[in-house]
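Hi,

Here is the structure I promised to pass on. Have a look at it first, and then read on for what turned up.

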Amino acid sequence: MTLLDLFPSLRAAMVPRLDPALWPVTTGHDDRGRITVGGVALDDIADEYGTPTYVLDEDDVRHRCRTYRSAFPDGEIAYAAQALMTRGVADWVTGEGLALAVGSVGDLAIARAAGIDPRRIVFRGNATTASDLRTAVAAGVGRIVVGTHTEIRLLASVVPGRRQVLVRATPDTDVAAAARLVVEQPRLDPVGLHCRLGSRITDSDVYATAVADLIGQMEQIRRDHGIVLTRLDLGGGHAVPYRSGDPHLDPADLARAVDDALDDACARNRFPRPTLILEPGRGVVARAGVTLYRVVSVETGRDGTTFVTVDGGVGDHPQVSMSDARYDVVVANRHPVAVGIPATVLGRHGDAGDVLARDVPLPEDLHPGDVLAVPCTGAYHHALASSYGGFGRPPIVAVRGGVSRPLIRRETAADLLAREVGVRHPFR
């Protein structure tokens, strides 16, 4: 019997604080000390849906959408679908007034299946093919981003009528030449510039500097062709914190920096202020996501390091192996009272890179069967997950108001076999 069993009233005061910068806005604890999101205990979700499982807080997604809209009341926020795209997510973000920015016909298909008005969609793929462009045009996509001469000519050849385009501005693209080619196509209607400045950017000045350059290019296009571009799409790339103290990009700070840069650049160039478009993806869904695992084993290495193996790994948590992102891990199914010790959390694949987290404090009494939760995993986890090793991709479970519901079911062995189309024993 523990002290908490003798004095239950102590439990609330002793529950460890979870950093609100990392966790969904609805995160809390129940009277048993279990972590809850959206009013649902994560332990109950693990029991009902199994593990690994992605949990997604609908209220948090909606909260981030409103935060961006509040920061940019005169701009347009287009959710970057590559971060996480399901019909449910598409419905949430558009319901909060956001447009969609999609980069593939797959994400476009999901958006259309969700009933999203195609006029609210920006299609901006990389290495876009004729087939991609035909699909986007046939779907009635409102704006299409083009940059290379090949893309411009392909789009001009497949579009049946006048279509709005944004010209991609990158260090490798001659914007003046691309703009000239677009203007020469009678079926293309150039309305603005589009740029992508990078990923996980923490400094608002990066965007402010880009604004100064892009407004200058828009003024040059006006002088050369007599066209006033009315849209400036600054893309996304907004950093979020993965562990306490990580730097991140605050939408309000970004808005102030960009607004000042726009005022200055437009005044210097005597150019009318364009409508801004922002494309946050990670900034909208990352902190809404929590991934659940169940502990399989706890071992101590020769050097005294504690190794915790869980029932997931690099297949469902690819960001650790693909980038330098470091994540927090906590026990979700109970209130731990034992001393925390540094631990390394390993996946089930056995590869050298199959490490979910390093040097995270976990309780000394951690044991098989405990449920671990990894916050800030809403972006680029399901989107980049694979069936590596024959392990199916986890489900996505949405939570809101004390209710959980699946958005994506778990991928099964039958799903993997369903893709097999080869003839049995082809060489006999």
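To start with something local: where in the chain is the place of Arg270? It is in the loop between helix 11 (251–269) and strand 12 (275–278). Before I go further, please keep in mind that this is a predicted model. What caught my eye about Arg270 is its positive phi of about 50°, although it is not a glycine. As a reminder, most residues other than glycine have a negative phi, and most peptide bonds are trans.

The second half of that reminder has its exception here too. The peptide bond from Thr51 to Pro52 is cis, with omega near -5°. Pro52 sits in the loop between helix 3 (42–49) and strand 4 (53–57).

Now the overall picture. The chain contains 14 helices and 20 strands. Its C-alpha trace spans about 80 × 70 × 40 Å along the principal axes. The radius of gyration is 24 Å, which agrees with the value near 22 Å that a compact globule of 428 residues would have.

The barrel

The closed barrel has eight strands, running 5-6-7-8-9-10-11-12 with parallel pairing. On average, neighbouring strands in this sheet are turned by 30° against each other, direction ignored. Helix 6 packs on the sheet and touches strand 6 (99–102) and strand 7 (121–123). The direction of helix 6 makes about 170° with that of strand 7.

Further along the barrel, strand 10 (residues 188–194) and strand 11 (residues 231–233) run parallel and are joined by three bridges. Leu193 stands opposite Leu232 of strand 11. Helix 10 (residues 205–225) lies across both strand 10 and strand 11, and runs at about 145° to strand 11.

Two helix pairs

Two packed helices are described by the angle between their axes and the distance between the axes, and there are two pairs I would like you to look at.

Take helix 10 and helix 11 to begin with. They pack at an angle of about 30°, with their axes 8 Å apart. Angles under 35 degrees count as roughly parallel, and helix 10 and helix 11 are therefore roughly parallel to each other. Helix 10 passes helix 11 in a right-handed crossing. From helix 10 the contact includes Tyr207, Ala208, Val211 and Ile215, and among the residues they meet in helix 11 are Leu254, Ala257, Val258 and Leu262. Sorted by class, this contact of helix 10 with helix 11 has twelve nonpolar, two polar and three charged residues.

The other pair is helix 6 (residues 105–113) with helix 7 (residues 130–139). Their axes come within 10 Å and cross at roughly 15°. That angle makes helix 6 roughly parallel to helix 7. Here helix 6 passes helix 7 in a left-handed crossing. Val105, Leu108 and Arg112 of helix 6 make the contact with Asp132, Thr135, Ala136 and Ala139 of helix 7. By class, that contact has four nonpolar, one polar and two charged residues.

Outside the barrel

There is also an open sheet of three strands, in the order 1-2-3 with antiparallel pairing. Its edge strands are strand 1 (28–29) and strand 3 (40–41), each of which pairs on one side only. Strand 1 pairs with strand 2 (residues 35–37) in the antiparallel sense over two bridges. One thing to check on screen: what is the bridge partner of His29 in strand 2? The partner is Ile35.

Later in the sequence, strand 16 (residues 340–346) deserves a look. Four bridges join strand 16 to strand 14 (residues 306–310), and these two run parallel. In that pairing, Val308 stands opposite Val345 of strand 16. Strand 16 also pairs with strand 17 (residues 355–363), this time in the antiparallel sense over six bridges. There, Pro342 stands opposite Pro361 of strand 17.

Strand 17 brings me to one last residue, Asp359, which has its place in that strand. Which residues is Asp359 in contact with, leaving aside its neighbours within four places in sequence? They are Arg243, Arg326, Ala343 and Thr344. By contrast, Cys65 lies 294 residues from Asp359 along the chain, and their C-alpha atoms are separated by 33 Å.

Over to you, and do write back with any questions.

Cheers

Key
Residues numbered from 1 in each chain as written. Predicted model: local features only at pLDDT ≥ 70, side-chain atom pairs only at ≥ 80, totals over all residues. Heavy atoms only, no water. Pairing = 2+ DSSP bridges. Axes fitted to C-alpha atoms, helices over the stretch in contact; angles between N-to-C directions. Parallel < 35°, antiparallel > 145°, perpendicular 65-115°, else oblique. Left-handed = near helix turned anticlockwise from the far one by under 90°. Contact = heavy atoms within 4.5 Å. Nonpolar A, V, L, I, M, F, W, Y, C, P; charged D, E, K, R; others polar. Rg over C-alpha atoms; globule rule 2.2 N^0.38 Å.
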